Amino acid sequence: MAQTAPPPGTPSSPTPPRAGDENPWASGGVMFAGVLLLVDGVLDAIKGIAGIASDDVYARINDYVFKFNVTAWGWIHLILGIVIAIVGWGILKGSAWARGAGVGLAALNMIANFMWLPYQPVWAVVSLAIDTFVIWALCTARKPVV
């Protein structure tokens, strides 16, 4: 028996996703991830400048395992922020190297912000959320940004 197409106007069964199909949230998310990395890099640089400029900007922690001088934290965030902003710009330009670097730097930034929690909890949690989304978007999207 020959198979015929359904008459016009009748609903057809949904087709299962194929190997090359992409999550639409992820494809739009890559561009947004580039913007978020750029913004997160600028925010990290601001955190760094504030830490370098004045030791009394952030709370002092007495017995914290990851205790660094606030100026040292400032330099860490400043350098990391500049590199993250450059990678965010690379993602927005569609550079292939930037997606892999973005995942790695977002993960590194998550670790730094987790260790930064006692100094600025709200700011650190916001950065953790941004980095989580960035990693998800860059890992789930398959097509390059154009």
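The protein's mean pLDDT is 79, with 68% of its residues at 70 or more. Keep in mind that this is a predicted model. Below is a quick tour of two helices, H1 and H4, and of a pair of charged-type side chains worth a look: Lys-47 and Asp-44.

**Confidence by element**
- Helix H3, residues 96-116, comes out with the highest mean pLDDT among the elements, at 91.
- At the other end sits helix H1, residues 24-53, whose mean of 83 is the lowest among the elements.

**Lys-47 in H1**
- Lys-47 belongs to helix H1, and it counts as buried because its relative accessibility is 0%.
- Its side chain has a polar contact with the side chain of Asn-113, at 2.7 Å.
- The Lys-47 side chain also pairs with that of Ser-127 through a polar contact of 3.5 Å.

**Asp-44 in H1**
- Asp-44 is found in helix H1 too, and with 0% relative accessibility, Asp-44 is likewise buried.
- Leaving aside residues up to four places away in sequence, Asp-44 touches His-77, Leu-78, Leu-80, Gly-81, Ile-84, Asn-109, Asn-113 and Ser-127.
- Asp-44 and Ser-127 are 83 residues apart along the chain, yet their C-alpha atoms are separated by 8.7 Å.

**Helix H4**
- H4 covers residues 121-140, 20 residues in all, and runs 29 Å from first C-alpha to last, close to the expected 28 Å.
- Buried residues in H4 are Ala-124, Ser-127, Leu-128, Ile-130, Asp-131, Val-134, Ala-137 and Leu-138.
- Ser-127, one of those buried H4 residues, is thus a partner of both Lys-47 and Asp-44.

Conventions. Residues are numbered from 1 along each chain as its sequence is written. This is a predicted model: local features need pLDDT of at least 70, side-chain atom pairs count only at pLDDT 80 or more; totals for chains, interfaces and linings use all residues. Side-chain values use heavy atoms; hydrogens and water are left out. Helices (H or I, at least four residues) and strands (E, at least two) are DSSP runs, numbered from the N terminus. The expected span of a helix is 1.5 Å times one less than its number of residues. Buried means under 20% relative accessible area, exposed over 50%, partly exposed in between (1.4 Å probe, protein chains only). pLDDT is the predictor's confidence in each residue, from 0 to 100. A polar contact is a pair of N or O atoms within 3.5 Å; within protein, one must be able to donate a hydrogen and the other to accept it, and residues adjacent in sequence count only if both atoms are side-chain atoms. Contact means heavy atoms within 4.5 Å.
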